[in-house]
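This report considers the surface, the pockets and one loop residue of the structure shown below.

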Amino acid sequence: LKKSLIPDPKSRQFPLSFNERTQMVLDQSENVLQQELSRFNLETHQGNLVANKNRTFIMLFNFSKKYAFPPEFLLGQDESNPEQYLKVKNTHKILGIFVQSDLRWNTQVEHMVKKASRKIWLLRRMQQLGVYQQGTLREMHP
């Protein structure tokens, strides 16, 4: 990463975002991810397919404080339009598990606790209403 970063040629508006604070960007000649995204875009167009840019995003896993860079990746070729850059997400649900960009489990644990609390409330409410308990039917309370 140290060899791939160059000084930012753009003058960015202050205050800078967290990833822009080092004022370094990835060198386009060494940006492997952008090259793969361009290749993917070309292959989808050749196959008469269209990638949904509203559902395509980036999750940045960079724990370096010294070598931070803004995650600016395109799914097309129009670099002049900043709205074309892919969105950056910090949390996303993949196969039922919440993945965070800092690789912590806070969101997943909060989600599991919320689901468990709903189930416990449902069981308590059913018990209050006199629903089956250990295979026997209790009489309904008035």
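## Tyr132 and the nonpolar patch

In this predicted model, Tyr132 has a relative accessibility of 62% and is therefore classed as exposed, the cut-off being over 50%. Tyr132 is found in the segment that follows α2 (106-128).

Tyr132 also contributes to a nonpolar patch on the surface, with an area of about 730 Å². The other contributors to this patch are Trp121, Leu122, Leu123, Met126, Leu129 and Val131.

## Pockets

The largest pocket encloses about 310 Å³ of space. Its lining comprises 13 residues, of which Phe18, Asn19, Leu60, Asn62 and Ser101 lie closest to the centre. Sorted by class, the lining of the largest pocket consists of five nonpolar, five polar and three charged residues.

The second largest pocket holds about 270 Å³. It is lined by 18 residues, and those closest to its centre are Lys10, Leu26, Gln28, Glu72 and Tyr85. The lining of the second largest pocket divides into nine nonpolar, three polar and six charged residues.

## Met59 in the loop between β3 and β4

Met59 is located in the loop that links β3 (57-58) and β4 (87-88). Because its relative accessible area is 16%, and the limit for burial is under 20%, Met59 counts as buried.

Along the chain, Met59 and Gln100 are 41 residues apart. In space, a distance of 8.3 Å separates their C-alpha atoms.

How values were computed: Residues are numbered from 1 along each chain as its sequence is written. This is a predicted model: local features need pLDDT of at least 70, side-chain atom pairs count only at pLDDT 80 or more; totals for chains, interfaces and linings use all residues. Side-chain values use heavy atoms; hydrogens and water are left out. On a 1 Å grid over the protein atoms alone, a cavity is a set of points where a 1.4 Å probe fits but cannot get out, and a pocket is an open set with protein on both sides within 12 Å along at least five of seven lines; lining residues have an atom within 4 Å of a point. Grid points are joined across faces, edges and corners, and a volume is the space filled by probe spheres set on the points. Ala, Val, Leu, Ile, Met, Phe, Trp, Tyr, Cys and Pro count as nonpolar, Asp, Glu, Lys and Arg as charged, and the others, Gly among them, as polar. Patches are made of residues with over 30% relative accessible area and no salt bridge: like charges are joined within 9 Å, nonpolar side chains (Val, Leu, Ile, Met, Phe, Trp, Tyr) within 5 Å. Accessible areas come from the Shrake-Rupley method with a 1.4 Å probe; for residues, only the protein chains shown count as cover. A salt bridge is a side-chain nitrogen of Lys or Arg within 4 Å of a carboxyl oxygen of Asp or Glu. Helices (H or I, at least four residues) and strands (E, at least two) are DSSP runs, numbered from the N terminus. Buried means under 20% relative accessible area, exposed over 50%, partly exposed in between (1.4 Å probe, protein chains only).
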